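Visitor: I should like to go through this structure by question and answer. Please let each answer show its reasoning before it gives the result.

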Amino acid sequence: MPIILDSNNGITNSSWTTAGRPTSPVAGQSGYNTTLGGMEFYNGSSWVTVQSSVGYTASYLMVAGGGAGGYDQGGGGGAGGLLTGTTTLSIGTTYTAIVGAGATQSGSHTVTSNGSNSTFTGLTTVVGGGGAAGYQTAGASGGSGGGGGGANNTASSYAGGSGTSGQGFAGGTAVASSYCAGGGGGSSAVGSNSTTSVGGAGGAGTASSITGSSVTYAGGGGGGCYAPSGQTPGAGGSGGGGTGGGTSGTVAGTAGTANTGSGGGGGSGNGGAGGNGGSGVIILSVPTANYSNNTTGSPTITTSGSNTIIKFTASGSYTA
């Protein structure tokens with residue numbers, strides 16, 4: 001449809017859908033895109049949407065990086081913080097996704113480092129999972145984070161690290177003289193306390209169907225145990241939490257599953273290494289009719305029903 005000038009009603013521009021754009025546009029050609037709900041123009045190589053207050057609703061899932069398991073009878077790492085919800089994306093605005101890395105086990109008896117935060121423009125930051133305590137003569141509490149790290153002990157009980165309200169739960173306590181450490185906090189439940197024979201299990205993660213199928217994210221890591229005494233290490237929390245090391249010999253805790261934000265399992269006594277935390281993830285679900293196909297950072301693009309799913313496993317951006 002050509003531009004029509006009406007002295008009473010102003011200018012009426014040509015209009016089209018995204019699929020029905022002019023096939024041989026020239027630089028400067030403009031019109032109203034009914035799919036995107038806004039004006040756009042051709043800059044000589046691509047269509048550019050004019051900045052507008054018009055927007056559309058998107059669902060999101062954000063998970064931060066998981067904490068690492070503790071070294072040498074260490075606690076389980078805390079899961080990265082997790083948030084879900086909906087937000088309004090403004091057409092033409094670029095939104096940056098920063099995906100938090102999982103923490104790496106340092107091999108020392110101190111509390112391990114936290115996982116890294118995940119951020120998305122305009123949304124609340126999700127906090128990296130808390131680091132776990134390794135074996136120390138005086139004992140130690142777990143680190144605070146999205147989910148709290150598990151504690152270690154000697155003759156006294158030590159508490160797990162605290163979680164972040166709305167994002168994760170606290171790590172488990174290491175009870176006095178149990179020879180086992182507490183589990184890391186998950187996004188849906190606290191890490192379990194250790195007993196005299198079993199390491200604390202990691203806290204449960206959270207199931208989400210944002211991609212079209214149910215996947216569980218952000219489980220806490222299981223606590224490690226003193227291997228020669230025959231204790232059973234803690235299980236990893238649902239959603240990819242690493243299992244603690246123990247039962248015999250020097251056994252490393254397993255790592256949290258990548259792109260779930262889960263915590264690593266604590267290492268066994270006699271020098272077992274803690275498992276690394278799992279990296280985070282950011283997922284958007286937008287109406288396919290509004291999807292701009294304008295991303296950076298190589299996210300995975302799929303569809304589910306009438307929505308397009310944008311899954312960032314590394315940092316990137318989406319222009320609405």
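Visitor: In what order do the four strands of the open sheet lie?
Guide: This is a predicted model. In it, four strands form an open sheet with antiparallel pairing. The edge strands are E10 and E14 (295-296), each pairing on one side only. The order is E10-E9-E17-E14.

Visitor: Which residue in E17 stands opposite threonine 296?
Guide: Strand E14 covers residues 295-296. E14 is joined by two bridges to strand E17 (residues 316-319), and the two run antiparallel. Opposite threonine 296, in E17, stands serine 317.

Visitor: Is serine 268 buried or exposed?
Guide: Serine 268 is located in the loop between strand E12 (215-217) and strand E13 (281-287). Its relative accessibility is 0%. Buried means under 20%, so serine 268 counts as buried.

Visitor: Which backbone nitrogen does the side chain of serine 268 reach?
Guide: Beyond four places in sequence, serine 268 is in contact with several residues, including Asp72, Gln73, Cys225, Gly249, Thr250 and Val251. With one of them its side chain makes an approach at 2.7 Å to the backbone nitrogen. That nitrogen belongs to valine 251.

Visitor: Does serine 187 count as buried or exposed?
Guide: Serine 187 lies in the loop between E10 and E11. Leaving aside neighbours within four places in sequence, its contacts include Ala79, Leu82, Phe169, Thr206 and Tyr217. Because its relative accessibility is 10% and the limit is under 20%, serine 187 counts as buried.

Visitor: What relative accessible area does tyrosine 158 have?
Guide: Tyrosine 158 is found in the loop between strand E10 (119-120) and strand E11 (206-208). Tyrosine 158 is classed as partly exposed, a class that lies between the 20% and 50% limits. The value is 23%.

Visitor: How far apart in space are tyrosine 158 and glycine 224?
Guide: In sequence, tyrosine 158 and glycine 224 are 66 residues apart. In space, C-alpha to C-alpha, the separation is 15 Å.

Visitor: Which strand gives the largest share of the lining of the largest pocket?
Guide: The largest pocket holds about 280 Å³ of space. Of its 15 lining residues, Arg21, Trp47, Thr49, Ser292 and Asn294 lie nearest the centre. By class, the lining has five nonpolar, eight polar and two charged residues. The largest share, three residues, comes from strand E6 (residues 47-49).

Technical notes:
Residues numbered from 1 in each chain as written. Predicted model: local features only at pLDDT ≥ 70, side-chain atom pairs only at ≥ 80, totals over all residues. Heavy atoms only, no water. Buried < 20%, exposed > 50% of the residue type's maximum accessible area, 1.4 Å probe, protein only. Contact = heavy atoms within 4.5 Å. 1 Å grid on protein atoms, 1.4 Å probe; cavity = no way out; pocket = protein on both sides within 12 Å on 5 of 7 lines; lining within 4 Å. Points joined across faces, edges and corners; volume = space filled by probe spheres on them. Nonpolar A, V, L, I, M, F, W, Y, C, P; charged D, E, K, R; others polar. Pairing = 2+ DSSP bridges. Polar contact = N/O pair within 3.5 Å; in protein donor to acceptor, adjacent residues only side chain to side chain.
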